[in-house]
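Colleague: Let's go through this model term by term. I will ask what earns each label.

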Amino acid sequence: MPEALSVHLAVLPILLPLLFGSVALVFERRGIFMQRIIGWTGMLALLLAAMALVVQADTGAITFYLLGDWPARLGIALVADRLSAGLVLTTSLLAVASLLYAGAGWDRRARHFHGLFQLQLAGLNGAFLTGDLFNLFVFFEVMLIASYGLLLSGGRGPRMRAGLHYVVFNITASTLFLVALGLLYGLLGTLNMAEMGARVAALDRGDMALVRAASGLLLVVFCAKAALLPLYLWLPNAYARAPAAVAALFAIMTKVGVYSVLRVYTLVFGDGPGELAGWAWPWLLWTGLLTLLLATLGALAASTLRMLVAYLVIASAATLFVAFALGTPATVGAGLYYLVHSTFVTAGLFLVMDLVRGQRGRAGDALDNAGPLRRNAPLALLFVIAAVSAAGLPPLSGFIGKALLLDAVPEGWRMWVWGTVLLTSLLTLVALARTGSQVFWRAEPWPEGVRPPSPPLRAQWAGAGLLLAYGVGLTVWGAPVVRYAQAAGEQVLEPAAYMQAARDRVPQLREPSP
């Protein structure tokens, strides 16, 4: 890659979706064919940029990019390391499958779909790449505003109600986010995360309680975005009512909240900041274990196919909180591998459940009655692959992720973590086995003279199959992915390297501003 382009790699995952999203909105009256050309051109360009960014980050370099070459305290500072680059690539791969599935026809029903889809990718990638808390808020809002449009487009009745609850909840969380940012800026004089870490370490004792309170408010916001107990009640209904392609893309959104906790509370409140070092992790560990248990019980009690998957999304985020709160390079690395796995498998389950729903006739999404089902062996195979992976059974990636996590649990926590993870894996298996038997084994034949639904379209098969193929790829090529995840875990737990890279690139961070 030319050196002139490699310097700007960090901004491309944000710039490209913004550009193609704007073009899609301008040309949306030209018809769906033009929209798809624009969407796929932008998608492929983003995928190439994300791959190049991972290759660059895998050298161990931490790249700081000052947009417009403005000083960090005035402009947008982007940071690309192994963690952020890996999540950008995960988002891009997920988006490819979601866009394939939407191209089967749903994008015709949502007039602004392709423009909003690209804008949400810009918000997601910006949240992963920003090095500044205020810009994290901005990218959160870009992501959320696009998600409002995607969720509500073409909706009516139950989806509109669930969508409005989703909007109100996230607006409230965003308001708290702004309050927390104002408090932290007033106390520390900066919102650049590298500089915040240095200033928290040098705080006067009298300011410790105020910074802890402000950071606690920020933690509530991130946990609300990640659907951690007791702030998860908004998610099941919203995700269960979303169109399948949109719900699949939403599978990464809870991970943005988890990522934000990992980034901020290792960098700003990591090993360096004296009395505030690591203050949040014990709370998050216990809350994560309890959320994992309750979310799995929710999946077991789910009455619809999509509600089951929505609870599995919450359970996956809770597992990540447990892995990150344990705070060792091995558990964080295992958590990052599990993050990629769980994103793909829950997104794949949303698409598979939508295919099942479309083949069930009057039973539709319900699990309380069998109803007729168009016999379809490939669909049953997709469900089995997704269920085995989600439950953590060998040999697929879910087993690898949980095995890595359980093997890395420190001695003092093994009883609690092993017990909870193994119990919830068993309950997940029971929930998915019940679903499979209800949908496939107890299905009634179609009555004579009644025309069954049309089989799924090729684009639908491609989208669902691609997501599950990613999971198989995480198994077959597990060694390099695990190596990358472990290296990312080690890097994120060494905030000194991040801060030194910031000072080398940004001279004004070397000395605190007056």
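Modeller: The largest cavity has a volume of about 150 Å³. This is a predicted model, so a caveat on confidence: local features need pLDDT of at least 70, side-chain atom pairs count only at pLDDT 80 or more, and totals for chains, interfaces and linings use all residues. Residues are numbered from 1 along each chain as its sequence is written, and side-chain values use heavy atoms, without hydrogens and water.

Colleague: What makes a space a cavity?

Modeller: On a 1 Å grid over the protein atoms alone, a 1.4 Å probe must fit but be unable to get out. Searching the whole structure gives 7 cavities of 30 Å³ or more. Each volume is the space filled by probe spheres set on the points, joined across faces, edges and corners.

Colleague: Which residues lie nearest the centre of the largest cavity?

Modeller: L312, A315, Y338, A390 and K402, out of 17 lining residues. A lining residue has an atom within 4 Å of a point. Helix 16 (329-358) gives the most, with 5 residues. Helices here are DSSP runs of H or I, at least four residues, and strands are runs of E, at least two, numbered from the N terminus.

Colleague: How does the lining of the largest cavity divide by class?

Modeller: Into 7 nonpolar, 9 polar and 1 charged. Ala, Val, Leu, Ile, Met, Phe, Trp, Tyr, Cys and Pro count as nonpolar, Asp, Glu, Lys and Arg as charged, the others, Gly among them, as polar.

Colleague: And the second largest cavity: what is its volume?

Modeller: About 70 Å³. Its lining includes F140, Y166, K225 and W234. Helix 7 supplies the largest share, 3 residues. By class, the lining of the second largest cavity has 7 nonpolar, 2 polar and 1 charged residues.

Colleague: Why is helix 7 called roughly antiparallel to helix 8?

Modeller: They pack at an angle of about 175°, with axes 11 Å apart. Angles over 145 degrees count as roughly antiparallel, so helix 7 earns that label against helix 8. The angle runs from 0 to 180 degrees between N-to-C directions, with axes fitted to C-alpha atoms over the stretch in contact. Their contact has 18 nonpolar, 4 polar and 2 charged residues.

Colleague: How do you know that strand 1 and strand 2 pair?

Modeller: Pairing needs at least two DSSP bridges. Strand 1 (residues 63-66) and strand 2 have 4, in the antiparallel sense. One joins T63 to A80.

Colleague: What makes both faces of strand 2 covered?

Modeller: A77 and V79 on one side, and L78 and A80 on the other, are all buried. Buried means under 20% relative accessible area, with a 1.4 Å probe and protein chains only.

Methods. On a 1 Å grid over the protein atoms alone, a cavity is a set of points where a 1.4 Å probe fits but cannot get out, and a pocket is an open set with protein on both sides within 12 Å along at least five of seven lines; lining residues have an atom within 4 Å of a point. Buried means under 20% relative accessible area, exposed over 50%, partly exposed in between (1.4 Å probe, protein chains only). Angles under 35 degrees count as roughly parallel, over 145 as roughly antiparallel, 65 to 115 as roughly perpendicular and the rest as oblique.
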